[in-house]
Amino acid sequence: MKKRTMLSKFMALTLTILMLTFPFMTSCGGKKTDEFVGNGDIFDPTKTWNVYEEGHLVSAPVEINYWSANSAVDVHGKTMSELVDEFNAYQKATYPTSFIKVNVSFQGGYGTQNTKLQAALMGGNNPEIAQVGVSSLPLYTDSVIDQRTIFTLDQLRDVLPGFLQYAMHKDKFVGYPYFASTNILVINRTLLEATGKEIPTVEEIVADPENSIWTWDYMKEVAIAVLDKSDSDSANHIYGYAAKDPGLYEMMYTQGVPIYNETATEALFNNEAGKRGFEFWRSMVVEEAMLNPVLDPNHGTRIQGNFSLGKIGILCDTSSVISNYYANVVANREAQGQEALFELDVLPYPKYTNFYANQSGGSLVIFNNKSEIKTKAAVEFLRWLQAPEQVAKFSLNTGYLPTTNAARETDLWKNNDGIRPYLDKVCKLMVFTPPEGVKLPFGRAKALADADFSEYIEGIWLDNCSRNIDDVLKQCYERINYILIANSQ
């Protein structure tokens, strides 16, 4: 296995301790986390919600704090800073005697954000609103207000279904999906079609997923056909596929089986489906469909650069970096009067029995331990951020996906012929939610388990792919089961 740095070990230990401590904290008027079985229905017809009134909600000036998990210097942080400045200016001009001022700070990563947030919650000095990774939302169930008191059910129905996968936990709508992304295959369509093989489109797959040719085995065939090692310089070799890891949830969910149980307290991949996935992703390296991810400590960065240079046919990556590839392959060249380096496109992770588009990225939560005026101010700010124009602006500038249909109906969105078509294609894939009978795992240990899974599964590629698959599967399973049990509620 790769060795973790002392800092990463300390952060993991700290987060584990906090996870074990945090369940004993109680929210203002909340119930204990073990009193509810299941996660409930967002649109439960038997319930009514006392939704905050519309319009301006405060009658005196008020300041609130917002913690972003992004970096202050990347495009995501810069765009959010601009939106916060725009909101503050709008408030000052529109409500000079009762304006809301948002103070935003950036934590530089979801792990750091979680550690700081949970420590702050213990001390009662947490912000009013924060960005939380979707895998970590269960950590905050007892400490936040239900989003169904902020948005009407009609507004929530406007959210693309694939971005509501992690919204509910223990009958509470925990976080509003805003920093939306999914794992996709970014492709060099020019390179793939040069193989002479048929390369489907997103539209074709969505229209008839059951009969789609885009399967595990067919993708491997295409990737092998792309391989070009004719140049004596290995730096110029062209590979059909590249990824940092197999895509854990996609590997299992496209087989129609779960990776953990619903409460994220037990691993469920020590079986035929798990072994099939491990064997397939080893074969991708053995048959030279992809470069071995464990040979270079900078593999993740290197493959992103090589894809932009046209040296990789299929790259598995998060949709949130499409903007980078669009800039490198298309926009920057066109700005210099040159043609795009190649035809950029996207495809879903291939199916074994079915397609699946995961939800990643982050959601916005509002904490329930603040004064009424500050809570109302946070509600008003979140509603402003969620409005179609702001969603469209944030998405077009950052590459995050717009979560609502309304945002994609704005003139701002429709009039952008640059990155918009690629983001629209990814949005079309968000109809591929978990297969019938498979429940998404919700639990405090999920994020830790996911991180260790990504590390331990690399055993399939270590020692020149010579390790026994059954041993690697067993070792990975035992480690993940330990993480889930040790950090369960």
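Contact means heavy atoms within 4.5 Å. This is a predicted model: local features need pLDDT of at least 70, side-chain atom pairs count only at pLDDT 80 or more, and totals for chains, interfaces and linings use all residues. Residues are numbered from 1 along each chain as its sequence is written, and side-chain values use heavy atoms, with hydrogens and water left out.

**Exercise 1. Place N354 and list its contacts beyond four places in sequence.**

Step 1. Find the residue. N354 sits in the loop between strand 10 and strand 11. Helices (H or I, at least four residues) and strands (E, at least two) are DSSP runs, numbered from the N terminus.

Step 2. List the contacts. Neighbours within four places in sequence are set aside; N354 then touches Y253, T254, Q255, G256 and P435.

Step 3. Look at the polar atoms. The N354 side chain reaches the backbone oxygen of Y253 at 2.8 Å. A polar contact is a pair of N or O atoms within 3.5 Å; within protein, one must be able to donate a hydrogen and the other to accept it, and residues adjacent in sequence count only if both atoms are side-chain atoms.

Step 4. Check burial. N354 has a relative accessible area of 19%, so this residue is buried. Buried means under 20% relative accessible area, exposed over 50%, partly exposed in between (1.4 Å probe, protein chains only).

Step 5. Compare chain and space. S212 is 142 residues from N354 along the chain, and their C-alpha atoms are separated by 9.6 Å.

**Exercise 2. Work out the open sheet of 4 strands.**

Step 1. Read the order. The strands run 8-9-7-10, with mixed pairing. Two strands pair if DSSP finds at least two bridges between them.

Step 2. Find the edges. Strand 8 (239-242) and strand 10 (344-347) each have a single partner strand, so one side of each lacks a neighbour in the sheet.

Step 3. Take one pair. Strand 7 (residues 183-188) and strand 9 (residues 312-318) run antiparallel and are joined by 5 bridges. Within strand 9, L315 is the bridge partner of V186.

Step 4. Add the helices. Helix 7 (residues 216-226) packs on the sheet and touches strand 7, strand 8 and strand 9, its direction making about 130 degrees with that of strand 8. Helix 11 (residues 322-335) lies across strand 7, strand 9 and strand 10, at about 150 degrees to strand 10. Axes are lines fitted to C-alpha atoms, for helices over the stretch in contact, and angles run from 0 to 180 degrees between N-to-C directions.

**Exercise 3. Is D345 buried or exposed?**

Step 1. Locate it. D345 lies in strand 10.

Step 2. Read the area. The relative accessible area of D345 is 4%, so D345 is buried.

Step 3. Find the partners. The side chains of D345 and R189 share a polar contact of 2.8 Å. Leaving aside neighbours within four places in sequence, the contacts of D345 include L185, V186, I187 and Y422.

**Exercise 4. Describe the open sheet of 5 strands.**

Step 1. Read the order. The sheet runs 2-1-3-11-6, and its pairing is mixed.

Step 2. Find the edges. Strand 2 (100-106) and strand 6 (176-181) have a single partner strand each, so each is left with one side lacking a neighbour in the sheet.

Step 3. Take one pair. Strand 6 and strand 11 (residues 360-366) run antiparallel, with 5 bridges between them. In strand 11, S360 is the bridge partner of S181.
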